[in-house]
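Trainee: I'd like a close look at one part of this protein, the place where its two domains meet. Could you walk me through it and then show me what else stands out around it?

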Amino acid sequence: MSFASPLFLWYFVPAVLVAVLVCPRSWRNAVITAGSLVFYAAGAGSTTLLLLFALVVNFLIGPLLEPDRWDSNPARRRWLLIGVLTFNVAILGIWKYAGFATETLAGFARLFGADFPVLHIALPIAISFYTFHHISYAVDVYRGERRAARNLITFATYITMFPQLIAGPIVRYREIAEQLPQQRQHRLDDIAAGFPRFALGLCKKVIVADSLAPVADAAFATPGDEMTFALAWVGALAYTLQLYFDFSGYSDMAIGLGRMFGFRLPENFARPYSSVTVTEFWRRWHMSLSRWFRDYVYIPLGGNRAGAVRTYRNLWIVFILTGLWHGAAWTFVVWGAYHGALLVTERRLGRDTAPAGAGARAARRALTMVLVIVGWVFFRAEDLSTALVMLGHMLTPDLAGLNEAVSTALTNQRLVILLAAMMSMLLPGHPVTGPLIEASRSRPAAVLRTSVMTVGLGYAAVLIAAGTFTPFLYYQF
């Protein structure tokens, strides 16, 4: 069930919201959890059982991970933590990476004339997200940062809450534990603040991202012998903008929905394409994922406390894992390693901070944008050879234009949206639109809210009714 589908917008959300408003306060988590499981099962089917199994196991082990008053048996807790982390990583490894691993081994085996069986396992929706939530819960409880959940429904609300279940933001347990008890207040003010944020995300997704999708798809589907300089750049730019407006739109919708149900979910984007360095880009892009890897991988590995060599090693590890988290394919591994290399290079050369002069900042911002676009080619391409062909044409100017497929996809309407979206890349890093439309009472915020709630939302509703919406890109992760 997509956030941009009529079933979700016109039936599911109103039904759950009304139920939460009219039911006793002590039922609200149960209502949200039940609605979330219905939402998940509508897309995941029988793999919902895997989510429930992982949820119950983590809930039962949670209280055993808490440090007691004197922490009299730290070894027992440490082994329990290792056990539950192994359990969660194994679930992710089997269902997401077993096919990739066996396919890679089969490729090596064929080089020597041998056969190796390849596993084909259906990827459960949102497994990367709910696995990271389980790991966050276990580690935060083990560290004593939050108490373990004693109520299964309360814990299930954290794991399955439908606004963030499918594609984030990744909510660390310590960020939301204090919001989970049944006694939290649910006010109409939350609905009034959350709905414009939700509407902004819907407009980003339906009006911008879905308009650019056919252009990007046509460009990346172009055979190598038909690729041109113009076509490669149009495709790369279209996907760069599609991905941002699609994913940031989903995040705005999730944060807005969460607010409507009384939860404050963490921000996930802060105008990443305004970044002056790649280091800054990762402070602004998918921020909840960056924070998760920082807290549960980078810092435990030693962070930047053990000298330059280990810092560079830790950055490489984190970003290769970041690439793998996004997908079980070599294109994602290369994309992660590429960003790791960029971050190490910036740090090594002392270029991980923005320069002072306006001209230097503009030049560095342009360079950062080009480097990010190059990375998105690996992220989107079906395989490495396709990515390398496209990048080769991006670096080789020619006089050829667009092919028929891309020319057909790039209608006048989509060209206008593409150019407008490209102009948004020139905006300054602040203010960030999502928090502005949700919380600010300034005149610009009021104008933005009015525009989104009238013109934007009306146009998006027409497109949704016409059935032109597409699945969110991050649903596949």
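Mentor: Here is a walk through the domain boundary, followed by the salt bridges and a few backbone details.

Keep in mind from the start that this is a predicted model. The chain splits into domain 1, residues 6-183, and domain 2, which is made of 190-276 plus 354-476. Notice that domain 2 is written as two stretches of the chain. If you take the centres of the two domains over their C-alpha atoms, they sit 29 Å apart.

Now for the boundary itself. On one side, 28 residues of domain 1 make contact, and on the other, 23 residues of domain 2 do. Together the two domains bury about 2,100 Å² between them, and 80% of that is on carbon and sulfur atoms. What about charged pairs across the boundary? The count of salt bridges between domain 1 and domain 2 is zero. Polar contacts do turn up there, with three residue pairs counted, both partners at pLDDT 80 or more.

Which pieces of domain 1 do the touching? The elements giving two or more residues to that side are α1 (6-22), α2 (28-44), α7 (162-165) and α8 (173-176). Helix α1 has the largest share of the side that touches domain 2, with nine residues. Sort that side of domain 1 by class and you get 22 nonpolar, five polar and one charged residues. So that's the picture to hold on to: the buried area is 80% on carbon and sulfur atoms, and the domain 1 side counts 22 nonpolar residues.

While we're in the early part of the chain, have a look at T48. You'll find T48 in helix α3, residues 48-65. T48 has a relative accessible area of 9%, and because buried means under 20%, T48 counts as buried. Leaving out residues up to four places away in sequence, T48 touches Y40 and A41.

Next, the salt bridges. Side chains of opposite charge can pair when their charged atoms come close. There are none between domain 1 and domain 2, but the overall count comes to 20. Let's start with R259 and D190, whose side chains meet in a salt bridge at 3.0 Å, N to O. R259 belongs to helix α10 (residues 229-260) and D190 to helix α9 (residues 188-220), so this pair ties together parts that are 69 residues apart in sequence. Are these two buried or exposed? R259 is buried at a relative accessible area of 10%, and D190 counts as buried at 5%.

Then there's K205, which is worth following through two pairings. One of its partners is D210, with the closest N and O atoms 2.9 Å apart. K205 counts as buried at 0% relative accessibility, and D210 counts as buried too, at 8%. K205 also forms a salt bridge with D246, and here the closest N and O atoms are 2.8 Å apart. This second pair links distant parts of the chain, since D246 is in helix α10 and K205 in helix α9, 41 residues apart. Both D246 and K205 are buried.

Some charged residues join up in a bigger group. D140, E145, R172, R174, E175, R294 and D295 are linked in a network of salt bridges. Try picking them out on the structure and tracing the links yourself.

Last come the backbone details. The peptide bond from H430 to P431 is cis, with omega near 0°. P431 sits in the loop between α18 (412-424) and α19 (433-439).

Two residues have a positive phi although neither is a glycine. A126 has a phi of about 70°, and its place is in the loop between α4 (74-111) and α5 (127-142). At 1% relative accessibility, A126 counts as buried. The other is H286, with a positive phi of about 45°. H286 lies in the loop between α11 (278-284) and α12 (287-298), and H286 counts as buried at 0% relative accessibility.

Conventions. Residues numbered from 1 in each chain as written. Heavy atoms only, no water. Domains from an automatic or database assignment. Contact = heavy atoms within 4.5 Å. Buried area = accessible area lost by both parts, 1.4 Å probe. Salt bridge = Lys/Arg side-chain N within 4 Å of Asp/Glu carboxyl O. Polar contact = N/O pair within 3.5 Å; in protein donor to acceptor, adjacent residues only side chain to side chain. Helix = DSSP H or I, 4+ residues; strand = E, 2+ residues; numbered from the N terminus. Nonpolar A, V, L, I, M, F, W, Y, C, P; charged D, E, K, R; others polar. Buried < 20%, exposed > 50% of the residue type's maximum accessible area, 1.4 Å probe, protein only.
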